[in-house]
Amino acid sequence: MQAAGQSTCCTTWSGAAQRSATMGGVYSSEKMADVFAYESSELDWCEDNYRYSEHVVEYFNTVSSFFFFIIAPIMIYLLHPYAKERSLAIHMVWIMMIFVGLFSAYFHMTLSFVGQMLDELSILWVLAVGYATWFPRKLFPSFIKDRSTFSRLVLLITVITSVSSFVKPTANAYALNCFGLHLLYTLAVEMRRCTDQKALRLAKLSVALWVLAISCWISDRLCCSFWQRLNFCYLHGIWHILIVMAVAYGSTLIAYLDASNEIPYSLPGLEYWPCDKWAVGFPHIVLSSSPKTQKRC
């Protein structure tokens, strides 16, 4: 009798454990499915959802993200002579910008939580790569002696921030702001010493594009009802176009300052493609002297 009771008890316990495990597995699967689900993100921009396609939540915001795919290869091509002389790792900035466009398109197509995280984290990593590549050596903390050590420190901070973002998603916004504001401060400090009129004009254009882009972003978030009355809910999509242009202008300016400090023998200058005469198009760096690979006395 006792053995039978023990057997029944064990059978009951085993069944309960199996049900618990099964329920836990289903719960975990549901949780995983939830973060990939359409509109699982708390963010929802002003554009009407599913207006043009039943499979795309924000159509114009999704399509405008593909400007990253157009501009990134152009900038890689235009900056190649500078990157070849300085470091091919510089191309990583615009390669990462392609991922920003990809994840932005996915996010606005689904408005999923995973899409939001990928979109925000890709921006964080672009800033981190730019930070590690272009931050002036003379402004390194006193305990850092070379760029490789500084890059490892930036990598460590970025990895910690990325992991923290999944635990507390709001941490990512703070990290983006800290990186971005400090880069702007550093650029302002560097521009105080600059007397090149082309560089100063490029700085003004970069700031103007950035202000326009931020204005569109803020207006889309705070004044949505106004734009809905005008039936013009596309400011976030315009933000995508303006911000990628602002990055093209701003990163070229930073690269020019970097070239002036790191490879001054190459006599770097600024030009515009396709029309340098009227300074219209995409800015890029031209090197006037012989490359470092050529023998010099």
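Contact is taken to mean heavy atoms within 4.5 Å. This is a predicted model, in which local features need pLDDT of at least 70, side-chain atom pairs count only at pLDDT 80 or more, and totals for chains, interfaces and linings use all residues. Residues are numbered from 1 along each chain as its sequence is written, and side-chain values use heavy atoms, with hydrogens and water left out.

**View 1. Surroundings of Ile71 in the largest nonpolar core.** A nonpolar core is a set of buried Ala, Val, Leu, Ile, Met, Phe, Trp, Tyr and Cys residues joined through side-chain atoms within 4.5 Å; buried means under 20% relative accessible area, exposed over 50%, and partly exposed in between (1.4 Å probe, protein chains only). Ile71, Met75, Tyr82 and Trp94 touch the most other members among the 46 residues of this core. Helix 11 (residues 235-262) contributes the most, with 14 residues; helices (H or I, at least four residues) are DSSP runs numbered from the N terminus. Leaving aside residues up to four places away in sequence, Ile71 touches Trp94, Val244, Met245, Ala248 and Phe282.

**View 2. A separate core of 12 residues.** Apart from the largest core lies this other one, whose members include Tyr131, Ala132, Phe140 and Val154.

**View 3. Helix 6 (residues 113-134).** Of the 22 residues of helix 6, 17 are buried, and the helix is mostly covered. At 1.5 Å a residue, helix 6 should span 32 Å (1.5 Å times one less than its number of residues). The end C-alpha atoms of helix 6 are 32 Å apart, which agrees.

Definitions and conventions: Helix = DSSP H or I, 4+ residues; strand = E, 2+ residues; numbered from the N terminus.
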